[in-house]
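Biologist: I am new to this structure and should be grateful for a close look at a single part of it, namely the nonpolar interior. Please describe what is found there and how the surrounding elements are arranged.

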Amino acid sequence: MAAKIPVTIVTGFLGSGKTTLIRHLLQNNQGRRIAVLVNEFGELGIDGDLLRSCQVCPEDEPDANVVELTNGCLCCTVQEEFLPSMLELLKRRDRIDCILIETSGLALPKPLVKAFHWPEIR
């Protein structure tokens with residue numbers, strides 16, 4: 001059985017500082033290789049761009065550690081978007097020490113938390 005990867009879900013209202021917190025964690029990562037799953041509600045990936053610009057992503061693979069979902073509220077698209085994204089991250093488990101998930105300011109985290117009981121990502 002593969003080693004488990006710690007996951008932290010950062011959630012809160014629009015403008016509550018979720019992206020600022022994650023950016024701070026990335027810039028002060030203490031050597032940890034952190035992957036981030038960012039849920040955007042609009043078509044423009046503002047949060048993803050802010051996180052990529054903090055200069056901790058590998059220059060040859062700027063999207064390697066930041067995965068962006070832009071189709072709306074993650075709690076409504078857990079099966080369609082979250083699961084495939086997590087499976088892709090898990091394929092790179094040898095290059096990831098932990099995963100941070102930033103929900104949109106509109107998300108309800110309960111469906112997302114329940115997804116961690118699914119066999120594919122448990």
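Modeller: In this predicted model, the largest nonpolar core comprises 15 residues. Those with the most contacts inside this core are Phe82, Met86, Leu89, Ile99, Ile101 and Ile121. At least two residues of the core come from each of β2, α3, β4 and α4. Helix α3 gives the most, with five residues.

Phe82 deserves attention in its own right. Its relative accessible area is 0%, and Phe82 is accordingly classed as buried. A search of the whole structure finds one aromatic pair, and this pair is formed by Phe82 and Phe116 in an edge-to-face arrangement, with 5.6 Å from centre to centre and 70 degrees between the planes. Phe82 belongs to helix α3 (residues 78–91), whereas Phe116 lies in the segment after α4 (110–115), so the pair ties together parts that are 34 residues apart in sequence. Ile121 touches both of these phenylalanines, and also Leu83, Met86, Leu87, Leu90 and Ala115, when residues up to four places away in sequence are not counted.

The strand β4 comes next. Residues 98–102 make up β4, and five of its five residues are buried. In a regular strand the side chains alternate between the two faces of the sheet. In β4 both faces are covered: Cys98, Leu100 and Glu102 are buried on one side, and Ile99 and Ile101 on the other. Ile99 and Ile101 are among the residues with the most contacts in the largest core, while Cys98 is included in a second, separate core of nine residues, together with Leu26, Ile34 and Val36.

Strand β4 also has pairing partners. Strand β1 (residues 7–10) runs parallel to β4 and is joined to it by four bridges; Ile9 has Ile101 as its bridge partner in β4. Strand β2 (residues 34–39) likewise pairs with β4 in the parallel sense, over five bridges, and here Ala35 is partnered by Ile99.

Leu26, a member of the second core, leads to helix α1. The buried residues of α1 (residues 18–27) are Lys18, Thr19, Ile22 and Leu26. Seen down the helix axis, these buried residues fall within an arc of 90 degrees, so they line one face of α1.

Between α1 and β2 there is a loop that contains Gln30. In contrast to the buried residues above, Gln30 is exposed, with a relative accessible area of 71%. Its phi is near 50 degrees, a positive value in a residue other than glycine.

Methods
Residues numbered from 1 in each chain as written. Predicted model: local features only at pLDDT ≥ 70, side-chain atom pairs only at ≥ 80, totals over all residues. Heavy atoms only, no water. Buried < 20%, exposed > 50% of the residue type's maximum accessible area, 1.4 Å probe, protein only. Arc of directions from axis to C-beta. Pairing = 2+ DSSP bridges. Phe/Tyr/Trp six-rings, centres within 6.5 Å; stacked < 30°, edge-to-face > 60°. Core = buried A, V, L, I, M, F, W, Y, C linked by side-chain atoms within 4.5 Å. Contact = heavy atoms within 4.5 Å.
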